[in-house]
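Welcome, and please open your viewer. We will walk through this structure stop by stop, choosing something to select each time and then looking at what is there.

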Amino acid sequence: MGTAISLDLADDLPAATLRELAAHTFDWMSEVDARFSTYRDDSEVCRLDRGELPLAEASADLRAVLERCADLWTATDGYFDAYATGRLDPSGYVKGWAAQVASDRLVAAGAPNHCVNAGGDVRVRGHSAAGAPWRIGVRHPWEPAATCLVLTGTDLAVATSGVYERGHHVLDPRRGTPAVGLRSVTVVGPDLGEADAYATAAVAMGAPTGLTYLDGLPAPWQHAAITDDSRLHHSRTLPVTP
């Protein structure tokens, strides 16, 4: 998926069990990359996009992801669009979805205290090894080595979409041009795939439309957004650490 994946297992389990859980998690992420990567010519996504793979013959995971992307297209008034670039690219949902599935599998396997980080999209459950709630830093959009916010919680999905690494690369699907106005958007809620999609959609909307959209998300969704002119907007209930 063109990004780094990290895993922190905080349960007091035998070392062999922890190694096995980690191996299963990274195997899953590798499977997702092989299936959904837009950088690999042999991935299911690329083969489907080229018309070489009939949708009926695609994997259940790919068909489920495409159905969810269609639902999110409707929910975001078309601003979350897996075809915004002119080709099939569900990456704005897949990265968060993959980490969410990994987290759900860890809980089912008896490891309820963990942090899965997929390129800055973070799913935390339970507590850290120190017994404290997890602390999630949100990268500062102009200072790569700094954070602009630190969030704290025991059951959070935190997704950030920004333009600070690749410039204004998120397209406004209605105009077909790079979206402007929002430098960084973080969405917090119960599901990392959805959080990832909502953050991407808000960036695509730009300001002020994206800010209005974020304010209208129902509970328990929360958000923080930084505009191109350095203004910070966030939900009053956002779990920010002082």
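Which residues does I136 touch, not counting residues up to four places away in sequence? Keep that in mind while you get your bearings: what you have open is a predicted model.

**Stop 1: I136 and its surroundings**

Select I136, which lies in strand β4 (residues 134-139). Now show what is around it: I136 touches V122, V124, L149, V150, L151, L156 and V158. Pick V158 from that list and compare two distances. I136 and V158 are 22 residues apart in sequence, and their C-alpha atoms are 8.1 Å apart in space. Is I136 buried or exposed? I136 has a relative accessible area of 6%, and buried means under 20%, so I136 counts as buried.

**Stop 2: the sheet**

Next, switch to a cartoon view and colour the strands. 7 strands form an open sheet, in the order β1-β2-β3-β6-β9-β10-β11, with antiparallel pairing. Follow that order to the edges, where you find β1 (5-9) and β11 (232-234). Each of these has a single partner strand, so one side of each has no neighbour in the sheet. On average, neighbouring strands here are turned by 10° against each other, direction ignored.

Now zoom in on some of the pairings:

- Select residues 114-118 and 121-125: these are β2 and β3, antiparallel strands joined by 5 bridges. Look for A118, whose bridge partner in β3 is D121.
- Move on to β3 and β6, which pair in the antiparallel sense over 4 bridges. Here V122 has V158 in β6 as its bridge partner.
- Then select β6 and β9, which run antiparallel and are joined by 6 bridges. G162 has its bridge partner, S184, in β9.

Stay with β6 for a moment. 7 of its 8 residues are buried, so β6 is largely enclosed by the rest of the structure.

While you have strands on screen, try showing side chains too. In a regular strand, the side chains alternate between the two faces of the sheet.

**Stop 3: helices across the sheet**

Select residues 15-36 to light up helix α1, which lies across β1 and β2 and runs at about 155° to β1. Then select α5, which lies across β3, β6 (155-162) and β9 (182-189), at about 30° to β6.

**Stop 4: the nonpolar cores**

Which residues touch the most other members of the largest nonpolar core? Select W28, F36, Y93, W97, V185, V187 and L214: they hold that place in a core of 54 residues. Helix α5 (residues 192-205) supplies the largest share of this core, 10 residues. A second, separate core has 14 residues, including I136, V158, V188 and L238.

For a closer look at one member of the largest core, centre on L214. Leaving aside residues up to four places away in sequence, L214 touches V185, V187, A202, H223 and A225.

**Stop 5: aromatic rings**

Show W28, F36 and W97 as sticks: they form one aromatic cluster. The count of aromatic pairs comes to 3. In one of them, F36 and W97 meet edge-to-face, 5.5 Å centre to centre with 70° between the planes. F36 lies in helix α1 and W97 in helix α4 (residues 91-108), so this pair ties together parts that are 61 residues apart in sequence. F36 is buried at 3% relative accessible area, and W97 is buried at 13%.

Now select Y198 and W221, another edge-to-face pair, 5.1 Å centre to centre with 85° between the planes. Y198 sits in helix α5 and W221 in the loop between α6 (209-215) and β10 (222-227), 23 residues apart. Both Y198 and W221 are buried.

Before leaving the rings, go back to W28 and add R105. The charged end of R105 sits over the ring of W28, 4.2 Å from its centre.

**Stop 6: unusual backbone spots**

Most residues other than glycine have a negative phi, and most peptide bonds are trans. Four places on this last stop are worth a look with that in mind:

- A207 to P208: this peptide bond is cis, with omega near 10°. P208 lies in the loop between α5 and α6.
- A219 and P220: these are joined by a cis peptide bond too, with omega about 10°. P220 is in the loop between α6 and β10.
- D77: its phi is positive, near 60°. D77 is in the loop between α3 (60-75) and α4, and at 52% relative accessibility D77 counts as exposed.
- S230: its phi is also positive, about 75°. S230 lies in the loop between β10 and β11.

Key
Residues numbered from 1 in each chain as written. Predicted model: local features only at pLDDT ≥ 70, side-chain atom pairs only at ≥ 80, totals over all residues. Heavy atoms only, no water. Core = buried A, V, L, I, M, F, W, Y, C linked by side-chain atoms within 4.5 Å. Buried < 20%, exposed > 50% of the residue type's maximum accessible area, 1.4 Å probe, protein only. Helix = DSSP H or I, 4+ residues; strand = E, 2+ residues; numbered from the N terminus. Contact = heavy atoms within 4.5 Å. Pairing = 2+ DSSP bridges. Axes fitted to C-alpha atoms, helices over the stretch in contact; angles between N-to-C directions. Phe/Tyr/Trp six-rings, centres within 6.5 Å; stacked < 30°, edge-to-face > 60°. Lys NZ or Arg CZ within 6 Å of the ring centre and 35° of its normal.
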